[in-house]
Amino acid sequence: MRSGTRRRRWPARSRGYGRSPRATARSRSTAADDRARSGRFLACGSTFTDWIAMSPVLAIYPGSFDPITMGHVDIIQRGARLFERIVVAVLINADKAPLFSVQERVDIAREVFRDRANVEVDTFDGLLVDYARRKQAGVIVKGLRAVSDFEYEMQMALMNRRLNPELETVFMMPTEPYTYVSSRLVKEVVALGGSVKGIVPDIVERRLREKKLARETLRA
Ligand code: PNS
């Protein structure tokens, strides 16, 4: 080594190779942040023009949420970390007889995510792809709990892709303890007198108890 030249522990080279792990991690996250801010994620098969027409940093998480469970909350939190904004889109479905009204479901979700600035709650009816186009969203987020979810979810994802090839469906898995949780089971357990503490947000548990009490009082 020449005198006066200090040997670098991590020789500075371009594009991360040979840089300290900390410096590499820092530059990677900066690049990811820049991409997220500019909204320029390129997906396989998409053209740049496709992608600038829609915002891949705006994601929609659609569902009935009757009621919202900790499994949903887990997926929304994951989505909120991955995308700049995520819209929880509550389906207005006139055919079903829901336990909670659409307004109740919206109010509950807003309460659950009141501290998350990048989580919005909205309602939609009609085709999901049309709603996504109106919102200029580039991504649909869906949760996959088990293999049993896969077939139906794949059908919907492929149908949505056929209806709008520029809209990408991204699947995420909830944390293991919530993989068996569903809104249907939650309602059944509560109706039969069981506890759903811990698998639904506290506000949902309270509202379920209130609803059950109200129904029992009406029957008495
Ligand atoms: O929580 P759910 O009930 O499983 O959610 C289902 C939902 C809302 C995601 C799905 O029914 C839907 O996307 N409905 C909108 C109507 C639509 O676009 N149908 C065609 C789907 S391929």
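Start by selecting the ligand in this predicted model. Around the ligand you will find 13 residues, and the closest are Gly63, Ser64, Gly126, Leu127 and Leu128.

**Stop 1: two polar contacts**

Keep the ligand on screen and add Ser64. An N or O atom in the side chain of Ser64 is 2.6 Å from an oxygen atom of the ligand. Now show the backbone of Leu128. Here a backbone N or O atom lies 2.8 Å from an oxygen atom of the ligand. How much of the ligand does the protein bury? On its own the ligand exposes 540 Å², and the protein buries 72% of that.

**Stop 2: the shell around the ligand**

Next, colour strand E1 (55-63) and helix H6 (147-163), the elements that each give two or more residues to the shell around the ligand. Which of them gives the largest share? That is H6, with three residues. Try colouring the shell by class as well: you should see seven nonpolar, four polar and two charged residues.

**Stop 3: the largest pocket**

Now hide the ligand and look at the space it takes, which is the largest pocket. This pocket holds about 1,200 Å³ of space. Its lining has 40 residues, and those nearest the centre are Pro62, Gly63, Ser64, Glu153 and Met156. To see where the lining comes from, select E1, helix H3 (70-82), helix H4 (102-112), strand E4, H6 and helix H7 (183-191), which each give two or more residues to it. H6 gives the most, with seven residues. By class, the pocket lining divides into 20 nonpolar, eleven polar and nine charged residues.

**Stop 4: the largest cavity**

For the last stop, turn to the enclosed space. How many cavities of 30 Å³ or more are there? The count comes to one, and the largest cavity has about 30 Å³ of space. Select Leu128, Ile140, Lys142, Glu153, Met156, Ala157, Asn160, Thr169 and Phe171 to show its lining. You have already met Leu128, whose backbone has an N or O atom 2.8 Å from a ligand oxygen. Glu153 and Met156 are familiar too, from the centre of the largest pocket.

Finish by colouring strand E4 (137-143), H6 and strand E5 (168-172), each of which supplies at least two residues of the cavity lining. Once again look for H6: it provides the largest share here, four residues. The cavity lining has five nonpolar, two polar and two charged residues.

Conventions. Residues are numbered from 1 along each chain as its sequence is written. This is a predicted model: local features need pLDDT of at least 70, side-chain atom pairs count only at pLDDT 80 or more; totals for chains, interfaces and linings use all residues. Side-chain values use heavy atoms; hydrogens and water are left out. A residue is near a molecule or strand if one of its heavy atoms lies within 4 Å of it. A polar contact is a pair of N or O atoms within 3.5 Å; within protein, one must be able to donate a hydrogen and the other to accept it, and residues adjacent in sequence count only if both atoms are side-chain atoms. Accessible areas come from the Shrake-Rupley method with a 1.4 Å probe; for residues, only the protein chains shown count as cover. On a 1 Å grid over the protein atoms alone, a cavity is a set of points where a 1.4 Å probe fits but cannot get out, and a pocket is an open set with protein on both sides within 12 Å along at least five of seven lines; lining residues have an atom within 4 Å of a point. A molecule sits in a cavity or pocket if more than half of its atoms lie within 2 Å of its grid points. Ala, Val, Leu, Ile, Met, Phe, Trp, Tyr, Cys and Pro count as nonpolar, Asp, Glu, Lys and Arg as charged, and the others, Gly among them, as polar. Grid points are joined across faces, edges and corners, and a volume is the space filled by probe spheres set on the points.
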